[in-house]
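Colleague: Could you take me slowly through one part of this model, and then through the charged contacts around it?

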Amino acid sequence: MVPAPTEPLVELRGITKRFGRLVANDRVDLTVARGEVHALLGENGAGKTTLMRVLYGLARPDGGEIVVDGQAATIGSPRDAIAAGIGMVTQHFSLVRPMTVAENLALGGPGFRFSGSDARRRVTDASERYRIRVDPGARVGDLSIGEQQRVEILKALARDCRVLILDEPTAVLVPQEIETLFSTLRRLVAEGLGVVFISHKLGEVREISDRVSVMRRGALVGTAPGSTDERELARMMVGRPVFGVERSDGDGAAERRPALIVRDLRAPGHGVAALRGVSFDVAAGEILGVAGVSGNGQTELVEVLAGMRRTDAGSVTVGDVELAGASPSEVVAAGVGRIPEDRHASLVPELSVAHNLVLERINDFRDRGRLDDRRIRAHADELIARFSIRARPDDRVATLSGGNVQKVLLARVLSRDPRVVVVSQPTRGLDIGATEYVRSELLARRAAGAAILLVSEDLDELLALADRLVVMYEGRIVGEMRAGDADAERLGLLMAGRTGDPNGRAA
């Protein structure tokens, strides 16, 4: 463990926050120092975001105090936090997309007005002062995710922010954008800024942070140097040893007959084509990873393969069955397991775990036209034990954690032993323990001979699990490689649409 800093900017002392009988924060002490990146780790529900919402005035604590520059501070709203020099950039940006950068920075800022030339000048001055390049006249909706994030950071800094809270800031960035973000943070920290960096990505935490504080079940379990080994940080988070989950070398999957064949697939989007001639194969016992920045056709590809979106042209073959344009029930009957990115949309939150587990095969549990509740419950008991679901058969899915919701979906799909599994963003929003479990289940299906199409925006996940990778950009596949030949820089360039040489010249 590391000693407390000598130049604290903000101190949280004994912060307690309750929601009914749930204690989200239990007497938490945390100090953020001048000139440091202080990472905050913990599983989902550990209390990280709640603690930062207290600091930013989005939640009122039930106990404890906040000290800023050695003086007790009352922070009851984001306006109070901003006045105290505290800024926050959340996962979901609070920008108005139809408005310009200058207009967005003017919103809520006491020093900005909506006079166009004055607002642009002030943004230009702030951009030069903090060396964060933005175009004041650009419409936010036309910017990349990385550019929008820079606008959010500049908006906080322009309000004289001295402590910047970043909640999962790299979740939607390509590798080059992450490098740019980290370069910006290092420069700002060298000038005295204090940063709170919330993330599940332990490698990034070790790369950028000076200190790491770990929360578990609402309490702070310890603070360690940023260089602490990933396995030790994971152990602190979950209270037990955690082992990295990754594929073993394949056993000739490339020589097997393809189980899923996609040829020249074309599908409509919102005003423009979402899929523009997509072709690939996935062999039995292989995981094919699909990389790409969100919005480049991955969602539509999964919807077509799941029977949820019509096609304009092309074919999708599983075995000898043509599935382009098939219904969801026909897709399932052909032996395809579907795990979409929105896990909640695939389940009925108000129904029980038991009934959600049989939704795709409800007719198998009828007796003379009526549902056989005894068999449904017995089926649920079996799958709850097999997939380690922390719930009872009668519990409503709406009451479960994100990890257990995903386990219910995995159990429903994988218990049928599908020959092909189409899975999208399987660990998005999950903590390290649930992530480890989900990845292990996918590798187990691969070992059992299933062909798996894995769509993920987490490059670490793709590199750990996939045998081969393809990259999608603007509805097309722009690159393919063995996972062992891939690296983050090459993938990042392809994801940004640069299919030529490393200097960015297009092919």
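Modeller: What follows is a close look at helix H14 and at some salt bridges. This is a predicted model, in which local features need pLDDT of at least 70 and side-chain atom pairs count only at pLDDT 80 or more, while totals for chains, interfaces and linings use all residues. Residues are numbered from 1 along each chain as its sequence is written, and side-chain values use heavy atoms, with hydrogens and water left out.

Helix H14 covers residues 432–447 (helices are DSSP runs of H or I with at least four residues, strands runs of E with at least two, numbered from the N terminus). Because the expected span is 1.5 Å times one less than the number of residues, its 16 residues should span 22 Å, and the end C-alpha atoms are indeed 22 Å apart. Of these 16 residues, 13 are buried (under 20% relative accessible area, with exposed over 50% and partly exposed in between, for a 1.4 Å probe and protein chains only). Just after H14, Gly449 adopts a positive phi of about 105 degrees.

Within the helix, Arg446 is buried at 9% relative accessible area, and its side chain meets that of Asp467 in a salt bridge of 2.7 Å, N to O (a side-chain nitrogen of Lys or Arg within 4 Å of a carboxyl oxygen of Asp or Glu). This pair links distant parts of the chain, since Asp467 sits in the loop between helix H15 (459–465) and strand S21 (468–473), 21 residues from Arg446. Asp467 is likewise buried, at 7%. The structure holds 29 salt bridges, among them one between Glu191 and Arg131, with closest N and O atoms 2.7 Å apart.
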